[in-house]
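Hi there,

Here is the structure I promised to pass on to you. My notes on what I found in it follow below.

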Amino acid sequence: MQRRATLSERAASPSTDWRDDIFAVLKAAEVAQVGYVPDAGHARLIELVRADDTIHAVPLTTEEEGIALAGGAWLGGQRCALLMQSSGVGNCINMLSLAKSCRFPLVILVTMRGEWREFNPWQAPMGRNTAAALELMEVRVYRVETASEAADTVAAAFDFAYASDQAVAVLFAQRLIGAKRWVK
Amino acid sequence: MIANDRRLDRRLAMRVLLDRRDDLLLVTGLGSTTWDAAAVGDDPRNFYLWGAMGAAALVGLGLAIAQPARRVLVVTGDGEMLMGLGGLATIAVQRPPNLAIAVFDNAHYGETGMQPSHTEAGVDLVAVARACGIHETFEISDELGLRDFAARVHKSATTLFARVAIRADEPPRVLPPRDGVYLKNRFRHALGLEP
């Protein structure tokens, strides 16, 4: 396998929607499998992934399945991205020992709840502790606060994860995603 | 052990599954199925899970999708499978033709002191797999049935799931390498991938 140009070098020019930018990064990174749980914040990305013939979209029943899926994918030579919500990070803790013990490259894209104009108090505990939980398992944490930095941050996560066998999570601020509307 | 217990010996069962292995890729679950695979013979194409309980079938799924030209067999225990039952639903949605899952069911948690597992109380793993949408399922209780399944693993057109009834005994532990990075790298090397 030949060393490819870094994704940061090849990052697509920003389009109108940062979610579309992220999808362009997944394509540039040659991601072949995407494990996800249903998520309003990732809805656009999930739609794009499901519509793409070269990416296996794998809906999961719970987030930790994705850590195992990504490990298996890399054993077989394919790159994987995981999409989840902040609450789901808590479900992954022990399964992250698989990524750590085998030094599997891992990229998790996390939409944040429970940190900005959150209506549902039950989202607050994991929202408050998402980054700490990941760091507890020695996962590198990047944060995206604005749309303009989304693509470059995700590209950096893929470069780091796959060049250096690292587990990297990118947290997308709830302020960026927008608070869920509960009353229409 | 009950003297007239006619259920399969787990070491024999693993030997049968790997008898004509060809280029089969093997993933084993945390605990006894890993010792069983090591007892048959360590091999770079074996990926042993020493932890991450509940991961075996999903590691097999990611691998099977990534390597469509190779056959992937997951062998794990009833306890490990029970911890990841939702994974059967996830696998059923994908149903890669090159994936087979065999659960060695002794109805007990062997590694922790032989406490009875949920299957001992009647939880039916084959029924769960079928209900999830894995249609090719097998209830195996003898060597003939297991040999038939082992042959199907190499030529199936859809994901297979088998429950293999084995005796609740504890043969001597045979421990394979347990460094995850080593296991990963040699497995990838066996597939022609860089470390």
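In helix α4(A), the buried residues are A:Glu65, A:Gly66, A:Ile67, A:Ala68, A:Leu69, A:Ala70, A:Gly71, A:Gly72, A:Ala73, A:Trp74 and A:Leu75. That makes 11 buried residues out of 12, so the helix is mostly covered. Please keep in mind that this is a predicted model. The helix covers residues 64-75 of chain A, and from its first C-alpha to its last it reaches 17 Å, close to the 16 Å expected at 1.5 Å a residue. After α4(A) comes A:Gly77, with a positive phi near 90°.

Some context for chain A: its secondary structure comes to 9 helices and 6 strands. Of its 184 residues, 55% count as buried. If you take the contacts in chain A with a separation of 6 or more, 74% are between residues 24 or more positions apart.

Helix α3(A), residues 43-50, is another one to look at. Which of its residues are buried? They are A:Leu45, A:Ile46, A:Leu48 and A:Val49. Viewed down the axis of α3(A), the buried residues fall within an arc of 160°, and therefore they line one face of the helix. As a reminder, an α-helix has 3.6 residues a turn, so residues three or four places apart point the same way. The cover over the buried residues of α3(A) includes α2 (18-28), β1 (31-36), β2 (56-59), β3 (79-85) and β4 (106-111) of chain A.

Two residues of helix α7 in chain A (residues 124-136) also caught my eye. One of them is A:Thr130. Is A:Thr130 buried or exposed? It counts as buried, because its relative accessibility is 0%, where the cut-off for buried is under 20%. A polar atom of the A:Thr130 side chain lies 2.5 Å from the backbone oxygen of A:Met126. Apart from its neighbours within four places in sequence, A:Thr130 is in contact with A:Ser86, A:Val89, A:Val110, A:Met112 and A:Leu171.

The other is A:Gly127, which also lies in α7 of chain A. With a relative accessible area of 8%, A:Gly127 is buried. Its contacts, again leaving aside neighbours within four places in sequence, are A:Ser86, A:Met112, A:Arg113 and A:Gly114. A:Ser86 and A:Met112 therefore turn up in the contact lists of both A:Thr130 and A:Gly127, contact here being heavy atoms within 4.5 Å. How far apart are A:Gly127 and A:Ser87 in space? From C-alpha to C-alpha they are 6.8 Å apart, although 40 residues separate them in sequence.

Now over to chain B, starting with strand β4(B), residues 99-105. This strand is mostly covered, with 7 of its 7 residues buried. B:Leu99, B:Ile101, B:Val103 and B:Asp105 point one way from β4(B), while B:Ala100, B:Ala102 and B:Phe104 point the other way, and all are buried.

Which strands does β4(B) pair with? Strand β3(B), residues 72-77, pairs with β4(B) in the parallel sense over 6 bridges, and β8(B) pairs with β4(B), also in the parallel sense, over 6 bridges. B:Phe104 is a handy marker for both pairings: B:Gly77 stands opposite B:Phe104, and in β8(B) the bridge partner of B:Phe104 is B:Val164.

Strand β8(B), residues 160-165, is also joined to β7(B), residues 136-140, by 5 bridges, and these two strands run parallel. Here B:Glu136 stands opposite B:Leu160 in β8(B). Between the two strands, the chain crosses from β7(B) through helix α7 of chain B (residues 143-153) to β8(B), in a right-handed β-α-β crossover.

Finally, a word on backbone angles. Most residues other than glycine have a negative phi. Two residues here go the other way. A:Glu138 has a positive phi near 60° and sits in the loop between α7 and β5 (140-144) of chain A. B:Ala52 is not a glycine either, and its phi is positive at about 50°; its place is the loop between β2 (46-48) and α3 (56-66) of chain B. How do the two compare in accessibility? A:Glu138 counts as exposed because its relative accessibility is 57%, whereas B:Ala52, at 6%, counts as buried.

Best wishes

How values were computed. Residues numbered from 1 in each chain as written. Chains lettered and ligands numbered in written order. Predicted model: local features only at pLDDT ≥ 70, side-chain atom pairs only at ≥ 80, totals over all residues. Heavy atoms only, no water. Buried < 20%, exposed > 50% of the residue type's maximum accessible area, 1.4 Å probe, protein only. Helix = DSSP H or I, 4+ residues; strand = E, 2+ residues; numbered from the N terminus. Arc of directions from axis to C-beta. Pairing = 2+ DSSP bridges. Right-handed = clockwise from strand over helix to strand, strands pointing away. Polar contact = N/O pair within 3.5 Å; in protein donor to acceptor, adjacent residues only side chain to side chain. Expected span 1.5 Å × (residues − 1).
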